[in-house]
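Grab a coffee and work through these exercises with the model open. Each one has a task, then a solution in steps.

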Amino acid sequence: MSYDYVVQTVKEILAKQLSMDPGKINLESRLVEDLGIDSFGSVEVAFELEEKFTLKIPDAALYEAKTVKDIVDYIAAQKGYK
Amino acid sequence: MDKRRVVITGLGVVACNGIGVENFWKANVEGRSGIGKITSFNVDAFDTKIAGEVRNFDPSQYMPAEVAKKVDRFVHFGLACTKMAIEDSRLDLEKEDRHRVGAVIGSGLGGMMFHEEQLVAHFAQPPRRCHPSAVPRISPNAVSSHIAIQYGCMGPNMVISTACASASHAIGEAFHKIQWGDMDVCVTGGVEATITLLNFEAYYILRVLSKRNDIPEAASCPFDKERDGFVLSEGGGIVILEELNHALERNATIYAEVIGYASNSGARHMVVPDLSGDDAARVMVDALKDAGIDRLKVDYINAHATSTVANDRAETKAIKNVFGERAYQIPISSTKSMIGHSLGAAGGIEAVVCALAIRDQFIPPTINYKHKDPECDLDYVPNEGRKTQLNTILSNSFGFGNCNACIVFSGFKGL
C-alpha cells in the first residue's frame, strides 16, 4: 500500500460522491470552495473512506480537513503509508 | 372569503399494469391486470406468492442520475409521476410564484426498502454499519421534499401517512388548502414501494393477502364470493391540482374538478374495518356535503374494494346505507382488481382513474368477477368497462386503523 494508492482511492471516492471525473480532482482542491462538498456529503465521504481503509475518522479530523491532501495525509499517517 | 374552485390539470402514474398515463389507462380500459409472481425475493416460506411489482421501471428517465442513486424507490415513483404530471399540465414553473406551489403527498410507509437493507447489513456476519444516508432515505417526507427540491415548490409541503388512505387524504387536504387560498398549485397524490421481504411478511402474517397463486392476474377479485384477500402492490399516482382561475388564465387543459372531500375515523380497530359500514357511509355523506351536492347526482363510485371479505362487504353496506335503493343503479368498480393494493399510492392512482374516466366518459371494469356474493349484490361493472355519461364520481379509500377518506370529482362545466 503506497501513498499514491491512497491518493488514487480518495480521488475515486470523492469523484463518486460528487458525480464528477476523478481527473478533475487535485491534491490542492479545497473540499468546500472547489469541490462544493457540504456537511452531509463530508459525512458520506468519511463513511466510505472508513470502510475502504478500515480506520476511524473522528469528527475533529473531519472538520480539520480542508483539502484533498489533508484527507490523504490523515489516512496515510493513520495507516503508516509512505 | 369564498371557497375557490380547484381543478385537475395534469396526471402522472406508475402502476404494475402500466407506466405512464396512456399505457396505464389503456390497460384499465382493456381490463388488464399487472399482478404476477413475486420476483424480487424468495417466497418459498409463504403461501402467498404474488404481488403487483412494477417491472421495467427506469428511474433515470425521470430524474438526474445522482438523485436516482440517493433516494429510495418510493421517491423514484414520486419524482417520475411528478415529472409526467407537470409536463402533462404544461405548467411553466419559471413563471409561477414558487411560494404558491405546494407538494402534499401520501405514503403509508416511506423508505421501508432501504430500512430493511440497513437491518440486513446490521445483522450480517460480519455486521456492516448503517449508511449515513439512512435518515434522508427512509423518512417518509423524503418524497415531498425531493419533489420540492427538484421542481422548486416552496409552498405547503408534507407527507400524509394514513395507510391505505394516505393518497386520498393528501389530495383532499391539498384541495382544501387551495380552496382556502394557502396555495394555487399543488403536486399531490401518493406513492408506495414496499414489496420487500419483511413488509410482505408483515401483511402475510396478518392473513390479509390472497393465496390464489395459480393464476396471479385473477387473484384480486373484489366483491366476488371467492375473494380471499388483497394482493400487495406498489406504484405512484400524482395529480396537479390548480385553482380554477389560475388554470383558465394559462389555458390549461382541465381533466376534472375536485368538488368535495371528507375524512373520518371509525374509531374501532387498527386492522378490521367497521363491519357495519357506518363510518364509510358517514365519510361519503360528509364528502357530498362538502361538495354541496345531492347524493342523487353520483354517477359512479371508484370503490376502495380491496378484495378482502371484510372490506368489500362493509363497503357495499355503506353504499346501500348512503344511497338506499338507488345504490343498485350506481356503477361501482375497483381499480385494485387490476393493480392490487398499492397502499399509500392507491388513492392517487385511483384519482388518475377518476380524472380519465371523466375525460373519456368511460368506467373501467372490476375484473375477475365470476361468482356472485349475496352480500355484495350491487353493479360492480363486472369484467368489461362501460361507456356512459359521467359527471360526478366518488372515490373511496379506507385505511387500516379505520382512517377513511372520500373525494368527490366532477366534470368541469365552465364558470
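## Exercise 1: Two domains, one chain

Let's start with a shared boundary: 63 residues of domain 1 of chain B are in contact with 56 residues of domain 2 of chain B. Contact here means that the C-beta atoms of two residues, placed from the backbone, lie within 7 Å.

A word on the ground rules. This is a predicted model, in which local features need pLDDT of at least 70, side-chain atom pairs count only at pLDDT 80 or more, and totals for chains, interfaces and linings use all residues. Residues are numbered from 1 along each chain as its sequence is written, while chains are lettered from A and ligands numbered from 1 in the order in which they are written.

**Task.** Work out which elements give two or more residues to the side of domain 1 of chain B that touches domain 2 of chain B.

**Solution.**
- Step 1: Find the bounds. Domain 1 of chain B covers 6-249 and domain 2 covers 261-410; such bounds come from an automatic or database domain assignment.
- Step 2: Place the domains. Their C-alpha centres in chain B are 20 Å apart.
- Step 3: List the elements. On the domain 1 side of chain B they are strand E1 (6-15), helix H1 (21-30), helix H7 (166-179), strand E7 (185-192) and strand E8 (235-243). Helices (H or I, at least four residues) and strands (E, at least two) are DSSP runs, numbered from the N terminus.
- Step 4: Pick the top contributor. H7(B) supplies the largest share of that side, 8 residues.

## Exercise 2: One isoleucine

**Task.** Decide whether B:Ile138 is buried or exposed.

**Solution.**
- Step 1: Locate B:Ile138. Helix H5 (residues 134-138) of chain B holds it.
- Step 2: Recall the cut-offs. Buried takes 20 or more other C-beta atoms within 10 Å of a residue's own, exposed 12 or fewer, and partly exposed is in between, with C-beta atoms placed from the backbone.
- Step 3: Count. B:Ile138 has 20 other C-beta atoms within 10 Å, so B:Ile138 is buried.
- Step 4: Check the company. Setting aside neighbours within four places in sequence, B:Ile138 contacts B:Gly110, B:Gly111, B:Phe114 and B:His115.

## Exercise 3: The other chain

**Task.** Say how many helices and strands chain A has, and how many residues of chain B are in contact with chain A.

**Solution.**
- Step 1: Tally the elements. Chain A has 4 helices and 0 strands.
- Step 2: Check burial. Among the 82 residues of chain A, 18% count as buried.
- Step 3: Look across to chain B. There, 5 residues are in contact with 4 residues of chain A.
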